[in-house]
Structure formats: C-alpha cells, structure tokens
Amino acid sequence: MKKDMSQGHQNALDLAAQVVETAKKLGAGDALASLRMSRGIETQVREGKVEKLQESQSAGLTVHLYVDGRYAAHTTSDLRKAELEAFLKDAIGLTRMLDADPERCLPDASLCLKKSAELPLFDAKYGSLDSDARKHLALAAEEAGRSDRRIVSATANFSDEDGTWALCASNGIHAAQRSTSYHLSAEVTATDGDKRPEDWWYVGGRSLADLGKPESVGRLAAERALTRIGARKYASGEQVLLVENRAAGRLLSHYLQALNGANLQQKRSFLDGQLGKPVMSPLVTLREEPHLAGGLGSRSFDREGMAAQAFAVIEGGVLRNFYLDWYYAKKLKDKPTTGTTSNLICTPGTASFDKLLAGVERGILVTAFNGGNSNSLTGDFSLGIQGRLIEKGALAAPVTEMNLTGNHKTFWNKLVALGADPYVFSSLRLPSLRFDGAAVAGS
Amino acid sequence: MSHPFDPFRPDRRAFLGLAAAGTASLFARPVLAAAPHAPDPAAAAPFGIPMADLQAVLGVAMGRGADFADLYFERTRSVALTLEDDKISRAYASSDLGVGVRVVKGDAVGYAFSEVLDLAAMKRAAATAAAIADGSTKVKLAPVAVAKLPQFYDRDYRFADVDLGLKKKLVQDVNERCKKKDARIVKTTVNYADSDREVFLVTSDGVACHDHQPMTRLVAMCVAEEKGRRETGMYNIASRHNFDLYDAKSVQRLCDEAVRRTVLMFEAVTPKGGEMPVVLGAGPSGILLHEAIGHGMEADFNRKNISIFATKIGKPVAEKFVTIVDDATLKDARGSIHVDDEGSLGQRTVLVDGGTMNSYLHDRISAKHYGVSPTGNGRRESFRFVPMPRMRSTYMERGPHKHEEIIRAVKKGIYCESFSNGQVNIGGGDYTFFLKTGFLIEDGKLTRPIKDVNLIGNGPDTLSKISMVADDLVIDEGGWTCGKNGQSVPVSQGMPTVLVKALTVGGGA
C-alpha cells in the first residue's frame, strides 16, 4: 500500500477492515484494528534563517487481538499485504501464550460507533500552504522575538499535520476521522550575567486562523523571557498562589492520575470511594467535552471504539465520574465512561486575570512548573515553580528555584477564585486559579 | 492517562524519567578505533540494500550542494508483558522499520524518512531532505568503508530468540516473591520488556556502521495496606545484558527492594521544606548530574549561547575532587553504545576534570562549530528523528571521603535514596529531581523515612556546593529514559555518596 494521504479515509478504513477480517481468518476470536496515517511538516528558524526542515509521512497499524480469552496489542509500520499476514500470524501465536482473562473482550456493540460520524476537525484549506508561507510564518514570529538587545537567541517553530485515524473491529465498529492541526511556537533566551533566562509562547489549532498574528507569538515569548532576568528564590512560607491559565493544566494533570480506571482498580488512587462526595472547592466544575468544535482533543470515538460522550467529572466540587475504559470498568463492575481525556473543560469564573491579580495583596504568580511529581495513591505532590512575586495587586520581581508542596486531597479546597480566561491552546482548558495558604519552600 | 496537550507544547526544558561549505572535509570525521574495511560494491549492505543503491540515494541527498548527508536504517522489534491481579493478561509487541535521510548545509538540517525501503521511496525522501540546500553543485561521494566497532555489549544476542515461556515464568516468579515477602502487599504489577534494535548508518563522507543494540527491563510495583492505609513503591532493573541478567540473585533483589520501598512508606513523613544540606546516596543520585550539568553541557545549547554553561569551559566550577564523566563504554549499561547515531564511536567524555569544566557533549554539527572531534553523543530516538547531542551514562568518579563520614557531617538535613524523575531549564540553570524514598538526617544519623518531595537547585551553584565525595561509586541498575525536544533515549547514571551543602527541599511550611 502506498502511504499517500490523498487516498484518504476509504483506504485507511478498507485496510483496517481487511486486517480485522484476516485476523479472524487466522484464528483470532475478535480483533480491533487502529490505523493512523499522517503527513506533517516542521519548519524551524533561528537568526533569520531556516535551521531545520522536516517532513514526516507515516503510517502505523495497531491490532488488538482477543484469542481464546487472551489479549495482546501488536504494532507495525510495514503495511505490505504479505508482511501483514505474517505479522498477524506471529501476533496471534504470541497472544495465545498469555494467561486467559474473562474480562478481556471488545466493548459491547451498543456502546460503539458503527458508522463514522465525523467531526469538523479537518481544514479544507490545508493544501494551500506552501513551503515559503510556512517559512514566513516562522520568520515573522522569530523576528518579533529578537526585539531587545538583551535577547541572545530566538527560535520559532511552525508545524502542521494532516492525519487520518481509522478504527475497525469485529463487533461492527467502522469509524474514521480526518483532522488537521497547526502549531506555532517561539522560544526566547535573554542574558543575565552567566544565566540565560528563557521563556516561550505557543498557539495552536485546527485551522490557520486559530493561530492569530505570528508576530504576537514572538513578542509574548520575548516579553516573558525579559521578565525572567534577575529571578531568584525567596523565603519559605504559606503563600497566596495565582496559577496562570497556561500552567494550570500541569497541576490538574497530576490530579487526573487518581481518576484513571487502572489506578483505581489497582488501589493506587486517593479518590477510591469518593464518588458523589466533595473532593474540591465548590467553585470547581470540570466537564469532559469530546465534541467541542475545533478542540485539540475532540473526537467522536475513543481508542476502544466507544462512542464519545460528554459527562461531568467534577460538579460544584463533587466527584461525579472516573475515567473508566471498558476493561477496567468490567473489573470494577461499573459502567465505562472512557479511558482517556478528550477535552476537559473547567467552567471559568467571572473575574479577568487583571482583577484576580489586583485582589492579591501579597503572593506568587506561577507562570510555569519545573519538574516535580505526584503520588496518585496518597495525593502527595511537590512541584518546582517559577513566576513573579505579587505585591499590592501588581506583578513584582521574578521568582525561581522554589517548590510548591501539598496534597491533592486538601489543596484543591484552598482554591478561592477562578479567572474568566480559559487557556484555549490545550485540550485541558483551565482558567487562572487562585489558591490561598499554599506551602512554598525557598531559602 | 494521556494528555494530548503535552506533545504540542514547545519545551526546550529537558526531562528525565524512569518507568525524548561546500566540502565534506569541513566536518571532523568520526574517530575510528580500527582500520575500516572496504566492502564489495556489488554486495548487499545490511537491510538487504545493494551498496550501489545506497550511493544513489546519497547522491540525491547531496544533489543540491549540501555539505554532508547520512542514511540511518533501523529495524526494532520489541515485546512487553504486564502482570496484574496474578495474570499476564496484556502484552504489547511491535516491529518498526525505516530509513531516515539527513542533509546538512552549514548549521541547517533537512530531514525526511521513509517506512518503505524501496529505491524510489528512499530517493523521494532524499529529495525532500535535500531541499534545505539550494544549489546544484555536484558533490563527489567518498567510497564507503565499514567501521569496526568496539564491544561493550553482545551485538550478536537477540531477545527474540528467548522462549516467551521463560519471560512469562520470570514475571510470575517476581509476582509470587513479592506477595510472599510481606503479608501487607495487596497488589503487584510486574512489567517485563525487551527489544532488539538493528541500525545501519552510511554517510556521504564514506563512513558506514552496523550495530545491534539489545535492551531489557523488569519492573515490580507494589501496593501495601495496613490499618486501612495504603502505600505504593517500585524497583526496576534495566540492561543491555542478555536474559541471564535475571538470575536468582537479581530477581530476589528486585522483589526485596520493591517491597521494602513500599512498606517503608508507612513510616515516612513529608519533611519541612526549605534550604538544607542534602546527602545524595550512591547510585540513582546520578540524576543530579544529569539535570544539574549534563543537559547544560550538551553542545547544541552552547553553540546557540542559550546554556548557563556557555562561557564555562576551562574554568573552575567545583572542588578538585569532583570529576564528572559521560561514558558510552560501560559494560552492558543501558546508556552504552558502540557507535552513536551519526557514526562516531562510543567513548568516555570528561565533563568536569578535577573541578574544572573540560568538554561539552558534541554531535557532528557542534563539533564542526567548535573545531573539535565529535564525542560520540549524536543520538536519536529512531529513524524518524534528527540526531542531537545526548547523554549516555553520566556519573561522578570516586572521591576521598567515606559514606559514614559524610552522613556524620550533617547536623540537620536529608539523605536521598531513590528518585522518579527530574527536569532542567537549560538557560536559567534551575533543575529539579523528585525524591521517592529517603531519610531525615538528625545529628549525623539517618532517622525517619521521607517521601515524595521535589528538590530544586541551580546547576553551577550546586556544583560549587558539592563539599564531600565518597569512594563508593555505584552505577544505578534502573532503566532511565531521557527526553529532549520530543525525543526519548535510554541512559544510565551513577554517583558515589555526595554532600551538597544546600539545596531547596520541597515540604510543609
């Protein structure tokens, strides 16, 4: 098979269907084939010149096999017909050697998409972008990033991708989705003695128009890098923390580990037994919104082929749903939702960022987290933070080399205000968040 | 759980985790250990591609007046087994094959790859990559000579030849031993993985290298329950050694450690946060070197003047007993490579020599920029990626002090035993690493266990605050994976017991 995007959906769907049929013929009881084809171009510029130009054209097949009550997933990039048949034979042989597990089976057909109901995630204008246009977008961002003599380096990266994902299974699943995405980012480094403080800005979306003016990407990265000059740590203590919208997703992503079905079933979740109970400040509502127009995580079906559905995860601080895929839901004797997030939307507050800021007498604005981790079983977390001091409602000196430490079970109750500024360049859309009484360690 | 926003993030910060003109002669040629031998041009090269076809593809790659081009063929087969709830009810197997074509003109790189190895597809990829250059100069290709590689692991070994039944038995054995070890263990997860990677590189300046890189890893993770309270812990072993790695001794050690680290947590507390002396235990503490200095010494960041170490070569940065190396030659280490992914032989590179900053970690592009020989650090995740300077096994050499002496020297501080991940800001120099297990030090003695806190420091500042180094160097046997610019590569790290006078430890206010 030629790996050509122009052959589009039908070929991907046909091939996936053929793989399922062949797997059945070779002895698999059930099979689900997931085929992804994509073509992407990345243009990176620095000092007014192209530094890297990469074209990626790729196709990958993963087949999930259910053989005599046993399960395994197998991946290959070699889609030639004869090779595929040999691949499936080996895959079925390996699967047969595992332990039987009655819970391993395809999702109930009633939960699955049988016909491809496509979301509008494909930009019909995709093909009109040529290499000069890509270069000019990146160069405009990069040039705007070199706006100050204290800046030693600016790099801008523009990338776009056209991809198709086809899913077919022996229980009747037959679905495909074509989608495009565009990404523009700038990274800017300033000089500060021996130090080279850095920051970045990023925009992305399903169509080019979502990106706005490329110059503003470079300008924002530069402004942020310049504010990092002179950053240092300050005294340890309890602080008011304002977590900027762009950083808030990282904080929440650790919490999400405890909502994951595998962690729940394996007794590695601090949220075990908390369904229907308040787990966060009543100000927090988080909803899973898979059909969001133009969302970076939008989808009409999930990895297992289950039809995507909207649901509440946290509603007014109360835990409403876990992320349960078909397998772990069966093991937990519960109803499945989905195993992974699509778009997770936090209902924003009413105060603008400036108003949130003005309300803080003394505290720290967190603009980024540096490393750190979280324990999904106990809820303990500890993350490096950087940002700005807040004094009398205004941004003051830059902060770095400090740690925020807490426990998710109590920390989210310290949330006292949400901004009206959801971060749209992520599938986790959170506004800026204010926490009172956060434990911050420094000097 | 996957978070699709992550891949979209621009992120120069690098992280580490367990569980990323005209003529070719301007480039320093890779250092070859032994005389290369010229192959018969009519014969098929590895991957069944005739030598003449390789030359034809390179000809297209160089066709627009590039300085240099290479073709990187890769075939990787891997398998992973997972045991949960006493059953091996999940396996992942994958096979991947392709060729990456890189074209270099000055500091600029054009790149494309093909997952199909026929001549037409390879030429198409070469023409795409060649677009980075815009001339039409005909470049004469050097005759290809295949390099003889050193031996740091067994390149003739294939994990694919090991009976799957043996791998299953190993996984079940780990499960049984963990459960038997302590009645409080309520869940065990065991992961086994292995891979056989074959690579063949051929360059426009006549270098060819062919290697096989075996790899394996075994992980045990436990959950224990006591009086309604649960805790979790893990341990893992990773290596390029053959399947005999898993003998009775190492398997028992894996289980003992996984269980000990789990039940220890019942006693553990979160320390009070702030700046304090930190003793780094021998072995996994090499994570400090990886984050505090290793990434900042990767020459691509310095070439662009965006690393905090950009002006430090030849300058004193630490006490005279501090020597830090990055080494491709450790026997069977996860981070060892016979040859890097652009044809420079595996070697030992001294980053800090007796307290003085000595050398960056170079790939071919940075070595040319600085006018030095490549150090064999040009690595890539797979044929889908460009190579760039990456670490291999990073560790500190032995020092003059004793382990006990170092702990005795601390009145109030912490002792670090194991970690899960770390990260660094290349330019600002701020780095972090996350402690999973450790102990408080009170009046020169280890007292209560501590857990789950982030440590944060600044690279050059930390180097200058290393005040004692013991003689007990351990290379950690765990499987570390390093991420940079979206590419992951396997690495190792090691450390003797070390005292850092002050680091900021996360914790309660």
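## Where confidence is low

Let's start with the weak spots of chain B: residues 19-36 have pLDDT under 50 throughout, and the model gives this stretch 49 contacts beyond four places in sequence. This is a predicted model, and a second segment of chain B deserves a look too. Over residues 1-13 of chain B, pLDDT also stays under 50, with 50 contacts beyond four places in sequence.

For chain B as a whole, the mean pLDDT is 90. Residues at 70 or more make up 91% of that chain.

## The interface in numbers

Now to the meeting of the two chains. On the chain B side, 94 residues are in contact with 95 residues of chain A. Together the chains bury about 7,700 Å², and carbon and sulfur atoms account for 48% of that area.

## Polar and charged contacts

How many salt bridges are there between chain B and chain A? The count is 7. A:Lys331 takes part in a salt bridge with B:Asp85, where the closest N and O atoms lie 2.7 Å apart. Polar contacts across the interface of chain B and chain A link 52 residue pairs, counting those with both residues at pLDDT 80 or more.

Which element gives the largest share of the chain B side that touches chain A? That is strand β3 of chain B (residues 87-105), with 11 residues. By class, the chain B residues on this side are 36 nonpolar, 32 polar and 26 charged.

## Strands paired across the chains

Strand β3 of chain B also pairs with strand β3 of chain A (residues 70-76): the two run parallel and are joined by 4 bridges. Within this pairing, A:Thr75 has B:Ser94 as its bridge partner.

How values were computed
Residues numbered from 1 in each chain as written. Chains lettered and ligands numbered in written order. Predicted model: local features only at pLDDT ≥ 70, side-chain atom pairs only at ≥ 80, totals over all residues. Heavy atoms only, no water. Contact = heavy atoms within 4.5 Å. Buried area = accessible area lost by both parts, 1.4 Å probe. Salt bridge = Lys/Arg side-chain N within 4 Å of Asp/Glu carboxyl O. Polar contact = N/O pair within 3.5 Å; in protein donor to acceptor, adjacent residues only side chain to side chain. Nonpolar A, V, L, I, M, F, W, Y, C, P; charged D, E, K, R; others polar. Pairing = 2+ DSSP bridges. pLDDT = per-residue confidence, 0-100.
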